[in-house]
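Here's a quick tour of the protein on your screen. Have a look at the structure, then read on.

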Amino acid sequence: MEDQENHIEQDGEIEINEDEIIQEIEEGDQEEEEEAVVENEEDQEVVEGEEEEEEEGEEEDAAFQFLISDPSKSYHGKKLTFWVYKITTEVSVHDEYKEPEYEVRRRFSHFLWLRQQLVDNHPGCIVPPVPEKDFKGTLEKFVNGVDTKGLLEYRQRSLTKFLTRVGEHYILQKDEALHAFLTEEFNDFCNTIKTSSSKKSQSLGWFKKSLTHQLTWVSQQKKFVTDLEEALKQLKSKLEHMVRRRKDMSHAISEFGNAFEVLGTVEKMYEESALSSSLIEVSKKADLLSLGALSQAERETMQVIETLTYYLGMCDSIKAIIKRLDELRLEKDDATNTLRNNKASAAKAQKSGKPDKVANAEEKVAATQARLTEAEDVLNKAQECFRNDIDRFDMERRVDFQYMLRAFVALQIEYSNELSKSWETLLPTISTIQPV
């Protein structure tokens, strides 16, 4: 394997810290609460002191800090086969991790393996998505072209978000697969993958219908996620349409500038003056603004498309969990029916008076009872985890959408300021034009 280090710098991004957003939300809620409840300065100090302790506690609970960097190429002969990423993990609380920091290298398929392990091991947990493997094709629908650097930067951000959300989860952070992923050397981890077994459930029959009704809150969540997914898809479609219009506008600005250049050249041939210079300067500014408009559209779409892609993946995760809960209810119903039948068979065996039949029947009843108890336990734990994760999903969605909107608005302000400054530089030249 031949590794070539290629450090990726994330230039031109507006960084907005999620912790700052959460803090601002909490501070906003605090101000409203203080107006209604806090009547004197002492009460206010008590409230603020409690909140500071709470925030400090939240910071202490952070189990991991992740950094994904330094993508390197892996070759088979002269052919690039895959990229490998360096993952640096700072560990703060877990006894299972003997070192305060780990550094490993992982390829993209390793992230896919980890996610599948988490899904299989924890049927009620919402496991965040990893980026699409063919995201380049998706992204090229929105921007002019995607170079390798841009794709790697996107993957690094998305994979960091995946690990961060997994590391924040009170159940997923303790999974053995995550431990192996973060700590084992590359070759050892590849062997771990080879020897790992899938724990995917076997469907009891897609033709069967559960006798137990789906919980009301689960049904409500299913409807919300279905509606959310449709809204996200519509926004994605409108975004694609808007980008096409922006590209057309960029081309139109360029053509507009060319027309000014022709006019300026004609004036210059007649007489070189402030007027001819101004006309030609407008054409130059138009060319720059044409490129700026295209760049702005691409920056806008990157801010939106990453969030849209992530939450479309989250919708898929939630729908998969709801389907899995239906399968677990089928398992419980099947065990209940089997136990009922086995108890009926045991009663008949008792009447037969044959000890062997009685013992065999009672053994089946005990085994089925154990199966039912386990099925009920798995279902209850999955439903409890899912309900907790829905609360987390609501909070994270609020933060991520606010981040997206703030970044989008900040880009508009920045672009508007750049546009204004660009045109303002022409005013001194234009003001020198004198009538004959």
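## Starting at Leu427

Leu427 sits in helix H11, which covers residues 427–431. Keep in mind that this is a predicted model. Is Leu427 buried or exposed? Its relative accessibility is 53%, so it counts as exposed, the cut-off for that label being over 50%.

Leu427 isn't on its own out there: together with Leu275, Ile430 and Ile433 it makes up a nonpolar patch on the surface. Between them, these four residues offer about 310 Å² of accessible area.

## The overall layout

Zooming out, the protein has eleven helices and three strands. Reading from the N terminus, the order goes α-α-β-β-β-α-α-α-α-α-α-α-α-α.

The protein has 436 residues, and 39% of them count as buried. About 26,100 Å² is exposed, with 50% of that coming from carbon and sulfur atoms. If you take contacts between residues at least 6 apart in sequence, 78% of them link residues at least 24 apart.

## Inside the cores

Now for the interior. The largest nonpolar core holds 32 residues, and the ones touching the most other members are Phe64, Phe111, Leu114, Phe162, Leu163 and Phe181. Several elements chip in at least two residues each, namely strands E1 (64–76), E2 (79–91) and E3 (101–107), plus helices H3 (108–121), H5 (148–168) and H6 (176–183).

Which residues does Leu114 touch, leaving out those up to four places away in sequence? They are Phe162, Leu163, Ala177, Leu178 and Phe181.

There's also a second, separate core, made of 27 residues. Among them are Leu228, Val304, Ile321 and Ile390.

How values were computed
Residues are numbered from 1 along each chain as its sequence is written. This is a predicted model: local features need pLDDT of at least 70, side-chain atom pairs count only at pLDDT 80 or more; totals for chains, interfaces and linings use all residues. Side-chain values use heavy atoms; hydrogens and water are left out. Patches are made of residues with over 30% relative accessible area and no salt bridge: like charges are joined within 9 Å, nonpolar side chains (Val, Leu, Ile, Met, Phe, Trp, Tyr) within 5 Å. Accessible areas come from the Shrake-Rupley method with a 1.4 Å probe; for residues, only the protein chains shown count as cover. A salt bridge is a side-chain nitrogen of Lys or Arg within 4 Å of a carboxyl oxygen of Asp or Glu. Helices (H or I, at least four residues) and strands (E, at least two) are DSSP runs, numbered from the N terminus. Buried means under 20% relative accessible area, exposed over 50%, partly exposed in between (1.4 Å probe, protein chains only). Contact means heavy atoms within 4.5 Å. A nonpolar core is a set of buried Ala, Val, Leu, Ile, Met, Phe, Trp, Tyr and Cys residues joined through side-chain atoms within 4.5 Å.
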